[in-house]
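Student: I am new to this structure. Please take one part and walk me through it closely.

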Amino acid sequence: MITPNNSIIGFDGKKALNNLTGIGNYSRFIINALSGRNPKTRFCLFAPKDKNQEARRNLRFLPNIDLILPPQGTIREWWRCFGMVSELKKRNIQLYHGMSNELPFGIHRSGIPSVVTVHDLIFLRYPHTFSLADRLILQVKVKYACRHADRIIAISEQTKQDIMKYYGIAEDKIEVIYQGCADRFYHRHTQSEIQDTIRKYNIPEKYIISVGTIEKRKNHKTILKALEALPEVHLVLVSKKTPLQAELEQQISEKGMSGRVHILNSVPNADLPILYQGAQLAIYLSFFEGFGIPVLEAMASAIPVITATGSCLKEVGGDACAYCAPFDSESLTQTIRQILSHPEISRDMIQKGQLQARKFSSESVAENMENFYSRMLKANTESNESEILHTSP
């Protein structure tokens, strides 16, 4: 429970209301979990727009949630970056949480305590995977947030170490709070529901699955290369469509795999757990991640998981997953073959995966976040009381 009671917490709601992937899912998870558990706390979502209907449907707008949009005629991104601070003051926000690597400029002079969640610093580690414009914007925004936030939440130990390395931030300013995945991934679907979904997407009954935006870092090309030596295996690739998809489709065509690689774009959130649960195993071979939520989703969905070494993914998968070097397609081929041909290995991985997934349950993540907020609110209250005492005549 967040204390003191009747607190007012502000959230950066941009991703929660307009993004259906990683940071959007993280934001909705936190908002939904905390608002339901803390009816006496008011949560204000500050967002430049509210136009993604599916994202909105996945937010539970309880009575203790307010949505604040920019005044009509205001330049949205200017408001989010600069104009929002005056709105935070007007709403008497007692704690502001930037959930997507950034804070509004000037918040450090507002008197409002702030925390920022930093998901990763991939734009510094692998700058070539970002456009120049995106890289420059991130460099300014994330650096400001890390330097001026009162506290930083890192979603993994890997991200914490990167914040310390690249920005020189003191370790005691950073707290690792792992994220969770939506409860729907823990819910078991019937075989009939799985079969109906398989028919809906016109995919075979036996398949392996890989979920993640099609971008270079996600390393789909290595998965496809491993698949060349497994002519009997079908792959379902669930992703938001990006320009890189055309390259993958060309690779698939050139290797004669068009009949057994099935790319599904824009899959609704309700269907994703069913697609996981119908799969024989999941692969997530990203060569670097801040957390890697598809690994957790797959473990919660009770299927074996193969993932990559080299970043934070072992923090998520523990001893439940099989691990391959991210560009070792031969090792990946052998690992897929071993799991598919040995049911006892698959069963053991599923059992371990379900135990591992429980460590990231909604209750556990929500409690960690509540305790964090309570400490910040208490520290701010004590600081204000001390200031009053010292300034009293």
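Tutor: Start with a polar contact. The side chain of His 119 reaches the backbone oxygen of Met 99, at 2.7 Å. This is a predicted model, and the distance is computed from it.

Now place the residue. His 119 sits in the loop between strand S5 (114-118) and helix H5 (122-125). Is His 119 buried or exposed? Its relative accessible area is 5%. The cut-off for buried is under 20%, so His 119 counts as buried.

What surrounds His 119? Set aside its neighbours within four places in sequence. His 119 is then in contact with Ile 23, Tyr 26, Met 99, Ser 100, Asn 101, Ile 155, Thr 159, Gln 179 and Gly 290. Lys 160 lies 41 residues from His 119 along the chain. The C-alpha atoms of these two are separated by 9.3 Å.

Turn next to a helix. H14 covers residues 329-341, which is 13 residues. At 1.5 Å a residue, H14 should span 18 Å. Its end C-alpha atoms are 18 Å apart, so the model agrees with the expected span.

Which residues of H14 are buried? They are Ser 329, Leu 332, Thr 333, Thr 335, Ile 336 and Ile 339. Seen down the axis of H14, they fall within an arc of 165°, so they line one face of the helix. The face turned away from that buried side carries the exposed residues Glu 330 and Gln 334.

The buried residues of H14 have several packing partners. The strands are S8 (208-211), S11 (282-284), S12 (305-308) and S13 (322-324). The helices are H9 (220-227) and H15 (343-358).

How values were computed:
Residues numbered from 1 in each chain as written. Predicted model: local features only at pLDDT ≥ 70, side-chain atom pairs only at ≥ 80, totals over all residues. Heavy atoms only, no water. Helix = DSSP H or I, 4+ residues; strand = E, 2+ residues; numbered from the N terminus. Expected span 1.5 Å × (residues − 1). Buried < 20%, exposed > 50% of the residue type's maximum accessible area, 1.4 Å probe, protein only. Arc of directions from axis to C-beta. Contact = heavy atoms within 4.5 Å. Polar contact = N/O pair within 3.5 Å; in protein donor to acceptor, adjacent residues only side chain to side chain.
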